[in-house]
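Reader: I'd like to go through this model with you, strands and side-chain pairs included. Can you show me what we're working with?

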Amino acid sequence: MLKNHLPSSVTLTINTSISGLSGTRNHAINIATGDIIAFMDDDAVAKEDWLRQLAVHYIDSNVQAAGGKIIPLWEPRRPFWFPEELDWTVGGSHKGMTDVPGPVRNLWGGNMSFRKELFHQVGLFNTQLGRKGLSGEGEDTEFCMRIKASLAGAIILYEPKAIVYHRVHKHRASLKYVIRRSFDGGSSLAKVKKVQRTKSNIGASPERKYLRYLLTASLLGRLKHFYRLRNIAQLSVIVLGVTAWSCGYTINLAKRLRYRQD
């Protein structure tokens with residue numbers, strides 16, 4: 001058993017309450033005893049100084065949360081057609097996002113940490129969101145947005161030196177998986193906005209910057225060398241990903257508007 005290979009200081013527990021990622025995280029929060037609670041995925045490996053790189057930022061009392069970079073570990077290797085801009089679909093940090101330390105709107109669930117007292121101040125992860133089975137996400141984004149809305153001056157910090165390596169299993173390296181995850185990503189943002197009950201730019205500005213990057217620097221850069229098979233393939237996948245994301249967002253947003261009218 002796994003328990004036999006863990007140090008005695010480590011507590012191994014099973015979530016027997018609300019199922020899903022958010023419910024499991026909440027279960028862990030309720031039994032955790034430390035001042036800082038850090039999260040990573042079960043198929044990830046942290047760099048040796050991961051926690052130290054995060055913990056040093058909590059010297060600043062305004063820093064309420066800190067997270068870092070997630071580097072995909074492809075098994076066996078990255079497909080030639082898979083663009084780095086869509087690494088977020090396999091749980092990794094993607095090309096086009098910031099790579100310098102500083103304040104951000106939200107952290108990524110596979111590499112994030114929070115002051116424990118936060119969960120007493122703003123609540124736990126929303127169990128309406130978060131992965132259940134093969135779909136669902138956005139609980140990390142919604143929680144970070146709730147922090148900013150609830151605590152004046154709160155800083156959510158990104159530290160790229162705090163590195164976690166996330167395994168990308170072979171079944172995820174498929175076009176079908178990328179399209180489904182892109183659709184889920186758009187759908188989840190619409191759900192987050194529904195939970196937050198806001199249409200303010202703070203909710204969507206990182207996504208808008210990312211889409212602008214995809215449609216300018218990313219696509220134009222590949223069009224310059226359109227004759228290369230690799231660029232043609234990656235260009236096509238980016239277009240499919242953006243389309244799937246937009247469909248997911250639009251469909252879920254339409255459901256929300258129809259629900260309000262009813």
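Reader: How many of the 14 residues of β6 are buried?

Author: First, the ground rules: this is a predicted model, where local features need pLDDT of at least 70, side-chain atom pairs count only at pLDDT 80 or more, and totals for chains, interfaces and linings use all residues. Residues are numbered from 1 along each chain as its sequence is written, and side-chain values use heavy atoms, with hydrogens and water left out. Helices (H or I, at least four residues) and strands (E, at least two) are DSSP runs numbered from the N terminus, and buried means under 20% relative accessible area, exposed over 50%, partly exposed in between (1.4 Å probe, protein chains only). β6 is largely enclosed by the rest of the structure, because the buried share of its 14 residues is ten.

Reader: And which residue of β6 is the bridge partner of Ala65?

Author: Strands count as paired if DSSP finds at least two bridges between them. β3 and β6 run parallel, with eleven bridges joining them. Within β6, the partner of Ala65 is Ile156.

Reader: What about β2, which residue of β6 does Ala44 bridge to?

Author: β2 covers residues 44-46, and three bridges join it to β6 in an antiparallel arrangement. On the β6 side, Ala44 has as its partner His166.

Reader: Which residue in β6 is the bridge partner of Pro103?

Author: That one belongs to the pairing of β4 with β6, which run antiparallel and share two bridges. Pro103 has its β6 partner in Leu157.

Reader: Over to β5: which of its residues are buried on the side opposite Asn111, Ser113 and Arg115?

Author: β5 is mostly covered, with five of its five residues buried. Both of its faces are covered: Asn111, Ser113 and Arg115 are buried on one side. On the other side, the buried residues are Met112 and Phe114.

Reader: Which residue in β5 is the bridge partner of Ala66?

Author: β5 pairs with β1 through five bridges, running antiparallel, and there Ile37 is matched with Phe114. β3 also runs antiparallel to β5, joined by three bridges. In that pairing, the β5 partner of Ala66 is Ser113.

Reader: Now the helix. What covers the buried residues of α1?

Author: α1 spans residues 21-31, and its buried residues are Ser22, Gly23, Arg25, Asn26, His27 and Ile29. As a rule of thumb, an α-helix has 3.6 residues a turn, so residues three or four places apart point the same way. The cover over the buried residues of α1 includes β1 (36-40), β5 (111-115), α3 (117-121) and α4 (139-150).

Reader: On to charges: how many salt bridges does the count come to?

Author: In general, side chains of opposite charge can pair when their charged atoms come close. The cut-off here is a side-chain nitrogen of Lys or Arg within 4 Å of a carboxyl oxygen of Asp or Glu. By this rule, the number of salt bridges is eight.

Reader: How far apart in sequence are the parts tied together by Lys69 and Asp99?

Author: Lys69 and Asp99 make a salt bridge, with their closest N and O atoms 2.9 Å apart. Lys69 sits in β3 (residues 63-74), while Asp99 is in the loop between β3 and β4 (102-103), so the parts they tie together are separated in sequence by 30 residues.

Reader: How far apart in sequence are the parts tied together by Glu75 and Arg167?

Author: Glu75 and Arg167 form a salt bridge, their closest N and O atoms being 3.8 Å apart. Glu75 lies in the loop between β3 and β4 and Arg167 in β6 (residues 155-168), so the distance in sequence between the parts tied together is 92 residues.

Reader: Is Asp87 buried or exposed?

Author: Asp87 meets Arg78 in a salt bridge, at 2.8 Å from N to O. Arg78 is partly exposed at 28% relative accessible area. Asp87 has a relative accessible area of 4%, which makes Asp87 buried.

Reader: Which residues is Ser93 in contact with, leaving aside its neighbours within four places in sequence?

Author: Ser93 lies in the loop between β3 and β4 and is buried, with 14% relative accessible area. Contact means heavy atoms within 4.5 Å. Setting those sequence neighbours aside, the contacts of Ser93 are Gly68, Lys69, Ile70, Asp87 and Tyr158.
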